[in-house]
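Here is a short tour of one structure, written for someone who likes to think in side chains and contacts. Have a look at the picture before reading on.

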Amino acid sequence: MKTLNDSLREEFDDILNKEEYKKIIEDKKLDLIVLKKAFEILLKYKSDAEAIDKSKTEFENYLINYFKIQKNDN
């Protein structure tokens, strides 16, 4: 039996696989693994209404740190 998180992951994957988004991801050289890990952070806190702000902050921090590391590696 699929969980809500499983269904949300499938929806997210379906979106990422649409041609319009695949092109954006390719053009901007985005890392799918990073996008999926960031999405997992949102899922982690989704069931707790009080943790929504924490979820957004963790999501932003994850992406910001990733891009900082990428910038420093180049």
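The sections below go through the core, the aromatic pairs, the long helix contacts, the salt bridges and one backbone feature in turn.

## The nonpolar core

Please keep in mind that this is a predicted model. Its largest nonpolar core is made of five residues, namely Phe-12, Leu-16, Ile-25, Phe-39 and Leu-43. Helix 1 (4-16) and helix 3 are the elements that contribute two or more residues to this core.

Another member of the core, Ile-25, sits in helix 2, which covers residues 19-27. Is Ile-25 buried or exposed? With a relative accessible area of 11%, Ile-25 is buried, because buried means under 20%. Setting aside residues up to four places away in sequence, Ile-25 touches Leu-16, Leu-30, Leu-32 and Leu-35. For a sense of scale, Ile-25 and Asn-61 are 36 residues apart in sequence, and their C-alpha atoms are 20 Å apart in space.

## Aromatic pairs

How many aromatic pairs does a search of the whole structure find? The search finds two. In one of them, the ring centres of Phe-12 and Phe-39 are 4.1 Å apart and the planes are at 0°, so this pair is stacked. The pair links distant parts of the chain, with Phe-12 in helix 1 and Phe-39 in helix 3, 27 residues apart. Both Phe-12 and Phe-39 are buried. Beyond its neighbours within four places in sequence, Phe-12 is in contact with Leu-35, Lys-36 and Phe-39.

The other pair is formed by Tyr-66 and Phe-67: their ring centres are 5.3 Å apart and their planes are at 65°, so the pair is edge-to-face. Tyr-66 counts as buried at 19% relative accessibility, while Phe-67 counts as partly exposed at 45%. The value for Tyr-66 is worth a second look, since 19% relative accessibility is to be read against a cut-off for buried of under 20%.

## Helix 4 and its two sides

Helix 4 runs over residues 52-73, 22 residues in total, and reaches 32 Å from its first C-alpha to its last. That is close to the 32 Å expected at 1.5 Å a residue.

Which residues of helix 4 are buried? They are Ser-55, Leu-63 and Tyr-66. Seen down the axis of helix 4, these buried residues fall within an arc of 60°, so they line one face of the helix. They pack against helix 3 (32-45). The face of helix 4 turned away from this buried side carries Asp-53, Lys-68, Lys-71 and Asn-72, which are exposed.

## Salt bridges

Across the whole structure, a search finds seven salt bridges. Asp-6, Arg-9 and Glu-40 are linked in a network of them. Within this network, Asp-6 pairs with Arg-9, with the closest N and O atoms 3.0 Å apart. Asp-6 and Arg-9 both lie in helix 1, three residues apart, which is about one turn of the helix. Arg-9 also forms a salt bridge with Glu-40, where the closest N and O atoms are 2.5 Å apart. This pair links distant parts of the chain, from Glu-40 in helix 3 to Arg-9 in helix 1, 31 residues apart. The network residues are partly exposed: Asp-6 has a relative accessible area of 29%, Arg-9 has 28%, and Glu-40 has 31%.

Helix 4 has a salt bridge of its own, in which the side chains of Lys-54 and Glu-58 meet at 3.6 Å, N to O. Lys-54 and Glu-58 are four residues apart in helix 4, about one turn of the helix. Lys-54 is partly exposed, with a relative accessible area of 41%, and Glu-58 also counts as partly exposed, at 29%.

## A backbone feature at Lys-29

Where does Lys-29 lie? Lys-29 is in the loop between helix 2 and helix 3. Although Lys-29 is not a glycine, it has a positive phi of about 55°. Lys-29 is exposed, with a relative accessible area of 75%.

Terms used
Residues are numbered from 1 along each chain as its sequence is written. This is a predicted model: local features need pLDDT of at least 70, side-chain atom pairs count only at pLDDT 80 or more; totals for chains, interfaces and linings use all residues. Side-chain values use heavy atoms; hydrogens and water are left out. The expected span of a helix is 1.5 Å times one less than its number of residues. Buried means under 20% relative accessible area, exposed over 50%, partly exposed in between (1.4 Å probe, protein chains only). The arc is that of the directions from the helix axis to the C-beta atoms. Contact means heavy atoms within 4.5 Å. A nonpolar core is a set of buried Ala, Val, Leu, Ile, Met, Phe, Trp, Tyr and Cys residues joined through side-chain atoms within 4.5 Å. Rings of Phe, Tyr and Trp (its six-membered ring) pair if their centres lie within 6.5 Å; planes under 30 degrees apart count as stacked, over 60 as edge-to-face and the rest as tilted. A salt bridge is a side-chain nitrogen of Lys or Arg within 4 Å of a carboxyl oxygen of Asp or Glu.
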